[in-house]
Amino acid sequence: MADENDDLAAVYCLAESRGAEFNEAAVALGAAYPDPTRPGGMSLTVAGTAPVSAAELREHDPGKFKRICGAVMRANAESPSPKEKEGLLKDPFVLGVTSVLLSSVSAVVTTLGIQSLERRRARRDRLPDVIDAFYAAANSYLDRWADMVSNSADYAAVERARADLVATLSRRPTWRARLARRLGLPSARSRLDAAVRSLPLGEPLPSGPGRNDRQTRASQERDRLRESRRAVEGTALGGPAAPAPAADQEG
């Protein structure tokens with residue numbers, strides 16, 4: 001077995017295509033240094049020796065040859081040569097597995113893209129109703145609060161509709177929006193985020209003011225609602241802001 005291993009190493013490392021690789025390994029291991037006067041040869045580090053080739057090294061110092069060749073073989077086993085890599089790429093099994101994997105990845109990416117598009121479309125289709133629900137609940141609450149007949153149930157409806165609107169609008173920003181934010185540039189996403197943060201009626205109105213004060217405060221809150229609705233619809237629906245409903249229609 002020892003002789004067979006030695007023969008295998010000789011066949012492997014004495015191949016013409018591995019001459020430069022063998023020499024580089026010998027130099028890297030400190031077993032030899034390049035011989036500039038002899039292409040493909042090398043000078044041993046042992047004093048008094050003449051430049052020798054890999055075959056001559058095997059004959060005169062088999063132990064050193066074996067050490068260098070073993071390093072070359074292990075390195076190639078861990079990192080296939082370009083020819084070996086090319087052979088793998090031509091292997092039918094490898095090609096088949098690669099094709100299946102690429103097809104699976106492509107199918108997954110396509111499916112995820114379609115699902116994401118469908119979710120965005122469903123959210124966009126639902127958005128007008130969500131917007132209507134919040135502003136209708138808010139105006140109804142203001143009417144009852146101004147008339148001093150509101151209760152906790154009235155504001156609970158506003159709170160639910162407001163949370164639904166915020167959740168619907170707070171989608172993940174696109175790469176364009178993230179880039180614009182990083183560069184400090186204005187974008188539709190940044191305007192929408194600002195509109196969401198400034199949604200009116202984030203908490204119940206106080207119960208202390210008298211009727212006249214409540215009427216004044218309710219009028220101010222309706223103005224805020226109209227401005228807020230214009231901002232939300234103008235950015236979230238991707239077009240010009242819808243005209244604000246008349247005050248008598250809202251309340």
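The following legends describe an overview and several close-up views of a predicted model.

**Figure 1. Overall architecture of the protein.** The predicted model contains eleven helices and two strands. Along the sequence, the elements follow the order α-α-β-β-α-α-α-α-α-α-α-α-α. The protein has 251 residues, of which 30% count as buried. About 16,000 Å² of the protein is exposed, and carbon and sulfur atoms supply 57% of that area. Among contacts between residues at least 6 apart in sequence, 61% join residues at least 24 apart.

**Figure 2. The largest nonpolar core.** This core comprises 26 residues, and the members that touch the most others are F134, Y135, L165, L169 and V232. At least two core residues come from each of α6 (92–146), α7 (152–169), α9 (188–197) and α10 (211–236). The greatest contribution is that of α6, which gives eleven residues. For V232, the residues touched, leaving aside those up to four places away in sequence, are I131, Y135, L169, L192, A195, L199 and L237. A second core, separate from this one, has 16 residues, including A25, A32, L57 and C69.

**Figure 3. Helix α10 and its buried residues.** The 26 residues of α10 should span 38 Å at 1.5 Å a residue, and the C-alpha atoms at its ends are 36 Å apart, in agreement with that expectation. Several buried residues of α10 are arginines, namely R214, R222, R226 and R229. Also buried in this helix are E221 and E233, together with S228 and T235. The buried set further includes A218, L225, V232 and A236. As a general point, an α-helix has 3.6 residues a turn, so residues three or four places apart point the same way.

**Figure 4. The disulfide between C13 and C69.** The protein has one disulfide. The bond joins C13 and C69, whose sulfur atoms are 2.0 Å apart. The link is right-handed, with 95 degrees about the S-S bond. C13 belongs to helix α1 (residues 2–13) and C69 to helix α4 (residues 62–78), so the disulfide ties together parts that are 56 residues apart in sequence. C13 counts as buried, at 2% relative accessibility. C69 is likewise buried, with a relative accessible area of 1%. C69 is also among the residues of the second nonpolar core.

**Figure 5. The loop residue D35.** D35 is found in the loop between β1 (32–34) and β2 (42–44). Its relative accessible area is 10%, and D35 is therefore buried. V52 is 17 residues from D35 along the chain, and the C-alpha atoms of the two residues are separated by 8.9 Å.

**Figure 6. Positive phi at M148 and L201.** Most residues other than glycine have a negative phi. M148, which is not glycine, has a positive phi near 60 degrees. M148 is situated in the loop between α6 and α7 and counts as partly exposed, at 44% relative accessibility. L201 is another residue other than glycine with a positive phi, near 60 degrees. The loop between α9 and α10 holds L201. L201 is buried, with a relative accessible area of 4%.

Notes: Residues are numbered from 1 along each chain as its sequence is written. This is a predicted model: local features need pLDDT of at least 70, side-chain atom pairs count only at pLDDT 80 or more; totals for chains, interfaces and linings use all residues. Side-chain values use heavy atoms; hydrogens and water are left out. Helices (H or I, at least four residues) and strands (E, at least two) are DSSP runs, numbered from the N terminus. Buried means under 20% relative accessible area, exposed over 50%, partly exposed in between (1.4 Å probe, protein chains only). Contact means heavy atoms within 4.5 Å. Accessible areas come from the Shrake-Rupley method with a 1.4 Å probe; for residues, only the protein chains shown count as cover. A nonpolar core is a set of buried Ala, Val, Leu, Ile, Met, Phe, Trp, Tyr and Cys residues joined through side-chain atoms within 4.5 Å. The expected span of a helix is 1.5 Å times one less than its number of residues. A disulfide is a pair of cysteine sulfur atoms within 2.5 Å.
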